[in-house]
Amino acid sequence: MSLLAVLDRLSEVSSFDKSLESARAAVNKVLRPQAFKDLLHGTWLGHPLHPVLAMVPVGTWLSAGILDAVPPARPAATALIGTGVAASLPAALAGAADWSEQDDAVRRLGAVHAVANSAALGLYVGSLVARRKGNGTLGRVLAYSGLGLASASASIGGHMSYAQSSGANHAVPEARQLTTDWIDLGPLDDLPEGRPALRTGEGQGTPIGLAVVRRGARVDAFINACAHVGGPLAEGTVEEVRGADCIVCPWHGSAFDLESGEPRRGPTASAQERLEVKYEAGRVFGKLPNRHASK
Ligand code: FES
């Protein structure tokens with residue numbers, strides 16, 4: 001069985017779901033207010049923050065592993081290990097924030113990722129203690145063990161990101177399929193005022209859902225699948241969030257600015273795919289920007 005198949009199997013094990021739900025509730029209780037959680041999600045950055053922060057411990061620990069092989073450079077290795085230990089806390093907080101808003105399969109694998117990272121951190125802390133006590137050999141053994149564990153854990157994180165799409169923009173696959181021609185969204189007067197409505201566009205033989213919001217004579221249109229993990233925006237609401245009128249996802253509450261698609265509230269870190277809109281003879285038409293024109 002391949003490593004990837006093992007990880008897929010792990011993400012199907014539901015035996016610990018109750019404990020994971022308790023852990024999720026605890027994370028949501030600790031990571032408050034929402035603005036702090038959004039800071040950790042990377043909503044302000046337009047990109048998940050966790051992989052950015054995780055580069056610091058991974059990079060410093062890997063560099064320390066190289067320097068530890070060169071005796072005169074070992075004091076620098078110790079300094080790098082200390083830096084990685086300190087940097088692991090914000091990386092862990094950002095990871096926990098993202099983890100708490102994912103589906104069951106991602107959360108199960110994320111728990112394994114967190115346990116492995118915690119164990120690696122413990123080994124590095126042990127390494128620092130051993131070095132401080134003058135036991136450099138033990139310090140290096142613990143550090144290399146930590147590096148092995150952190151690397152294995154990083155591959156789990158990669159599987160979560162790429163195979164399980166935990167940090168991906170879930171609206172993009174729909175946008176890629178959607179025609180780049182103008183789509184007839186129907187008469188303006190048929191759209192309800194101030195709440196999302198579902199319309200469909202053509203996508204290589206498959207209907208692609210679109211969430212359309214009318215405010216007076218203005219219409220804003222988006223891919224229906226939420227950028228976060230694909231929730232149905234057309235079943236959401238229109239609310240003012242942080243000073244902007246937004247379409248709000250019914251699944252985890254991500255809010256996207258109606259006029260730009262930019263995220264105003266997480267957990268999403270990505271903007272929502274938004275269509276250009278034009279009006280002709282009382283009808284509304286939408287069209288994806290050309291960046292998705294691949295056919
Ligand atoms: S699917 Fe999570 S906020 Fe939309």
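**Exercise 1. The nonpolar patch**

Task: Find which residues make the nonpolar surface patch of about 640 Å², and say which helix gives the most to it.

Solution.
- Step 1. List the members. The patch is made by Met-1, Leu-3, Val-6, Leu-10, Val-13, Phe-16 and Val-112. The model is a predicted one.
- Step 2. Find the main contributor. Helix α1, residues 3–10, gives the most, with three residues.
- Step 3. Check one member. Leu-3 sits in helix α1. Its relative accessibility is 55%. Exposed means over 50%. Leu-3 therefore counts as exposed.

**Exercise 2. The chain as a whole**

Task: State how many helices and strands the chain has, and what share of its residues is buried.

Solution.
- Step 1. Count the elements. The chain holds eight helices and ten strands.
- Step 2. Take the extent. Along the principal axes, the C-alpha atoms fill a box of roughly 80 × 40 × 40 Å.
- Step 3. Take the burial. Of the 295 residues, 44% are buried.

**Exercise 3. The sheet of six strands**

Task: Give the strand order of the six-stranded sheet, and explain why β1 and β2 each have one side without a neighbour.

Solution.
- Step 1. Write the order. The sheet is open and runs β1-β10-β9-β4-β3-β2, with antiparallel pairing.
- Step 2. Look at the edges. β1 and β2 (196–203) each have a single partner strand, so one side of each lacks a neighbour in the sheet.
- Step 3. Add the twist. From one strand to the next, the average is 30 degrees.
- Step 4. Inspect one pair. β3 and β4 run antiparallel and are joined by six bridges. Within this pairing, Val-212 stands opposite Ala-221 in β4.

**Exercise 4. The sheet of four strands**

Task: Work out which strands stand at the edges of the four-stranded sheet, and which residues face each other across β5 and β6.

Solution.
- Step 1. Write the order. This open sheet reads β5-β6-β7-β8, and its pairing is antiparallel.
- Step 2. Pick the edges. They are β5 (237–241) and β8 (263–265). Each has a single partner strand, so one side of each is left without a neighbour in the sheet.
- Step 3. Add the angle. Neighbouring strands are turned by 40 degrees against each other on average, direction ignored.
- Step 4. Take the pair. Five bridges join β5 to β6 (residues 244–248), and the two run antiparallel.
- Step 5. Match residues. Val-238 stands opposite Ile-247 in β6. Thr-237 has Val-248 as its bridge partner in β6.
- Step 6. Close the turn. β5 and β6 form a hairpin with two residues between them. Arg-242 lies in that loop. Its phi is positive, about 50 degrees, although Arg-242 is not a glycine. With 48% relative accessibility, Arg-242 counts as partly exposed.

**Exercise 5. The nonpolar cores**

Task: Name the residues with the most contacts inside the largest nonpolar core, and the elements that give two or more residues to it.

Solution.
- Step 1. Size the core. It has 18 residues.
- Step 2. Name the residues with the most contacts. They are Leu-178, Leu-185, Leu-210, Val-212, Ile-223 and Leu-275.
- Step 3. Assign elements. β1 (183–187), β3 (206–215) and β4 (218–223) give two or more residues.
- Step 4. Look for another core. A second, separate one has eleven residues, including Cys-226, Leu-233, Ile-247 and Phe-256. Ile-247 is also the residue opposite Val-238.

**Exercise 6. Loops and backbone**

Task: Locate the cis peptide bonds at Pro-33 and Pro-267, then describe Ala-281 and Glu-235.

Solution.
- Step 1. Take Pro-33. The bond from Arg-32 to Pro-33 is cis, with omega near 0 degrees. Pro-33 lies in the loop between α2 (17–30) and α3 (34–41).
- Step 2. Take Pro-267. A cis bond joins Gly-266 to Pro-267, with omega about 20 degrees. Pro-267 lies in the loop between β8 and β9 (274–280).
- Step 3. Take Ala-281. Its phi is positive, near 50 degrees, in a residue other than glycine. Ala-281 lies in the loop between β9 and β10 (283–287). A relative accessible area of 85% makes Ala-281 exposed.
- Step 4. Take Glu-235. It is in the loop between β4 and β5. Glu-235 is exposed, at 62% relative accessible area.
- Step 5. Find its distant contact in sequence. Glu-235 and Pro-196 are 39 residues apart in sequence, yet 6.8 Å apart in space, C-alpha to C-alpha.

Technical notes. Residues numbered from 1 in each chain as written. Predicted model: local features only at pLDDT ≥ 70, side-chain atom pairs only at ≥ 80, totals over all residues. Heavy atoms only, no water. Patch = residues over 30% accessible without salt bridge, like charges linked within 9 Å, V, L, I, M, F, W, Y side chains within 5 Å. Areas by Shrake-Rupley, 256 points an atom, 1.4 Å probe, with all protein chains shown as cover. Salt bridge = Lys/Arg side-chain N within 4 Å of Asp/Glu carboxyl O. Buried < 20%, exposed > 50% of the residue type's maximum accessible area, 1.4 Å probe, protein only. Pairing = 2+ DSSP bridges. Axes fitted to C-alpha atoms, helices over the stretch in contact; angles between N-to-C directions. Core = buried A, V, L, I, M, F, W, Y, C linked by side-chain atoms within 4.5 Å.
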